[in-house]
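Today's notebook page is about charged side chains first, then the surface, then pockets. Come and look over my shoulder.

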Amino acid sequence: MRELRIHGRGGQGAVVASKLLAVALFHEDNWVQSFPAFGVERRGAPVTAFLRVDRAPIRLRCEIMAPDDIIVLDPTLVEATDVAAGLKPGGMILINTARGPETYPELQARYQVVTVDASSVAARHGLGSRTQPIVNTAILGAFAVASGLVGLESVCQAIREEVPTKPEANEAAAREAALLMAAAEEVAHV
Amino acid sequence: MKKVIVGNHAVSWGVQLARTEVISAYPITPQTQVVEQLSEMCASGELNARFIKVESEHSAMAACMGASAAGARAFTATSSQGLALMHELLHWAAGARHPIVMADINRSLGPGWNIWTEQTDSLAQRDTGWVQLYCETNQEVLDTTIMSFRLAEQVNLPVMLVLDAFYLSHTAEPVDIPDRELVDAFLPKRQARLKLDTAEPHSFNALVPPASYMEMRHALQEAMREARTAFDEVEEEWEQRFGRRYGAVEAYHTDDADLVLVTSGTVTSTARHVIDQRRAAGERVGLVKIKMFRPFPTETLRAALAGIARVAVLDRNLSPGRGGIFAEELRAALYDVPAEDRPQVYGYVLGLGGRDIRPDTIDTVIERTRAAAAPDREDLWVGLLGDDGAPATTGRAQTSADSLPGVEA
């Protein structure tokens, strides 16, 4: 079983990102369990969402304390909260930022830090506003490439099925962010 | 068709597939998504039902009773304080033998104001005459919703299906949504024996004097008895058509067990995980899941638990001054078991107000049960702040609400 946690701010789509990823993984014959942090959500306030994925039915019905992967939709959360809390040593943390992974040396010392400028991608595709882009679909495209956990095509299928507004723009954003991530990985491996 | 949906929407799908004719509800967290999606289904024409907006849960149940008296298939959903507000009419719905189906999303009662899961809201309605069915997965929620209508209409009793707040209501997982034609064959249109009908007038709910009231109550009790066997028949047919069944009571790895957990709701899933791990290490532990709370499946539980040395009941609920409610009911059910086969019952209270129940919480229950030859009191609390994990411990003395984060003394 693999366990994920997604950090965002209310309105950025963290809960929807968890659901989309669940649907994408379900299309690849996995059992999935997607849930928000149980509580009250407010626009702009920190929001977390969770995902379990396994080849067998999932028995655990409790909070995720030690995730394998973390996705951060808003880079200001890295300073404001302990986004890596409980992350397994060597686990991946994917951050939406225009800056490189070397910006986070303390996280890099313990985890695999990956970054993508999902905000710019989302803005280019007219998702949300330029100051408050909705980045969840873009970052899932990047996550598919960075994690290898789920196929980009499954992510795009989930977006087409589940996103009620601008599904085409959201799919295009996921594909562009996936390309950016693949290019960044190529550079990193040279 | 398999879809990844939250538990609240599993209810909505079940209500839609059941071709429910009247829905009346008042929103309350964490139930709101149920009727939100149903109102959308009514608006889009996917569901040909009358959606009656009302000003309170009390009125919602009144509207369902009126609809049911007119022969319609009626549904509502609520949680916590909303269910408490309905209390008066819950007695009425059952006494008047209206086969209404209601979903209760288990939520604690305030104060302290809390929107998280706990079973006390539904269990506090145990004497109202409603059948109560608790669910463990979103698939079970959808299946139980449809089966509830069939059971209710067969025995003329209202049915409350119960699911945990958030752990099911807001958790998305794969659910197989059955084909409409197959559900139609399982659940035909309701045929009310008596209904409000100008062509064939009857008087309903007149004054009932001592000369006949007691017979009405006896008939209600007999209907509950009938519901116990009718539930098994309904599940049998559901299994034939859809390949799934749950059981009023399910025994999991109990055959050679010397210690058995008794669970209900989503705690069951996490407990299965713990049982599997301990079985793999050679430990003789098992689990009994109670799905049906009313009518209480006394005989089935006696058969499942007789001869097992120690039984640990996990109660995410509290009857203040008594303890966990499932433990209390189970002790009464096991009293007639011969002494040599009668289990020692350990009643654990845990997870109140949505406090997380994790595998290590259940490990604590098992270890404390193994460590004490007998419980030293009826209510054994697990997971209190400041709990030191000592065997057979309890404890108000060990903690203080003043130490809760964010609470000023």
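**Entry 1: a charged network.** I began with the salt bridges, keeping in mind that this is a predicted model. I found a network of salt bridges that links B:Asp258, B:Arg278, B:Glu283, B:Arg284, B:Asp363, B:Glu367 and B:Arg370. As a reminder to myself, side chains of opposite charge can pair when their charged atoms come close.

**Entry 2: B:Glu283 and its partners.** I picked B:Glu283 out of the network and looked up its contacts. With B:Arg278 it makes a salt bridge at 2.9 Å, N to O, and I noted both of these residues as buried. B:Glu283 also forms a salt bridge with B:Arg370, where the closest N and O atoms are 3.1 Å apart. I liked this pair, as it links distant parts of the chain, 87 residues apart. B:Glu283 sits in the loop between helix H10 (267-280) and strand S11 (285-290) of chain B, while B:Arg370 belongs to helix H13 (residues 359-371) of chain B.

**Entry 3: buried or partly exposed?** Why does B:Glu283 count as buried? Its relative accessibility is 19%, and buried means under 20%. B:Arg370 has a relative accessible area of 35%, so I wrote it down as partly exposed.

**Entry 4: another pair.** Next I checked B:Arg322, which forms a salt bridge with B:Glu328, the closest N and O atoms being 3.7 Å apart. B:Arg322 counts as partly exposed because its relative accessibility is 38%. For the tally, I have 45 salt bridges over all chains.

**Entry 5: a nonpolar patch.** Which residues make the nonpolar surface patch of about 270 Å²? I got B:Leu194, B:Leu196 and B:Phe204. I placed B:Leu194 in the loop between helix H8 (180-186) and helix H9 (210-242) of chain B.

**Entry 6: the largest pocket.** I finished with the largest pocket, which holds about 1,300 Å³ of space. It is lined by 48 residues, and the closest to its centre are A:Val15, A:Val16, A:Lys19, A:Glu162 and A:Pro164. I then asked which elements give two or more residues to the lining. From chain A these are helix H1 (14-27), strand S2 (31-36), helix H5 (136-147) and helix H6 (152-162). From chain B they are strand S1 (2-6), helix H1 (7-17) and helix H2 (32-44). By class, I logged 21 nonpolar, 15 polar and 12 charged residues in the lining.

Terms used: Residues are numbered from 1 along each chain as its sequence is written. Chains are lettered from A and ligands numbered from 1 in the order in which they are written. This is a predicted model: local features need pLDDT of at least 70, side-chain atom pairs count only at pLDDT 80 or more; totals for chains, interfaces and linings use all residues. Side-chain values use heavy atoms; hydrogens and water are left out. On a 1 Å grid over the protein atoms alone, a cavity is a set of points where a 1.4 Å probe fits but cannot get out, and a pocket is an open set with protein on both sides within 12 Å along at least five of seven lines; lining residues have an atom within 4 Å of a point. Grid points are joined across faces, edges and corners, and a volume is the space filled by probe spheres set on the points. Helices (H or I, at least four residues) and strands (E, at least two) are DSSP runs, numbered from the N terminus. Ala, Val, Leu, Ile, Met, Phe, Trp, Tyr, Cys and Pro count as nonpolar, Asp, Glu, Lys and Arg as charged, and the others, Gly among them, as polar. Patches are made of residues with over 30% relative accessible area and no salt bridge: like charges are joined within 9 Å, nonpolar side chains (Val, Leu, Ile, Met, Phe, Trp, Tyr) within 5 Å. Accessible areas come from the Shrake-Rupley method with a 1.4 Å probe; for residues, only the protein chains shown count as cover. A salt bridge is a side-chain nitrogen of Lys or Arg within 4 Å of a carboxyl oxygen of Asp or Glu. Buried means under 20% relative accessible area, exposed over 50%, partly exposed in between (1.4 Å probe, protein chains only).
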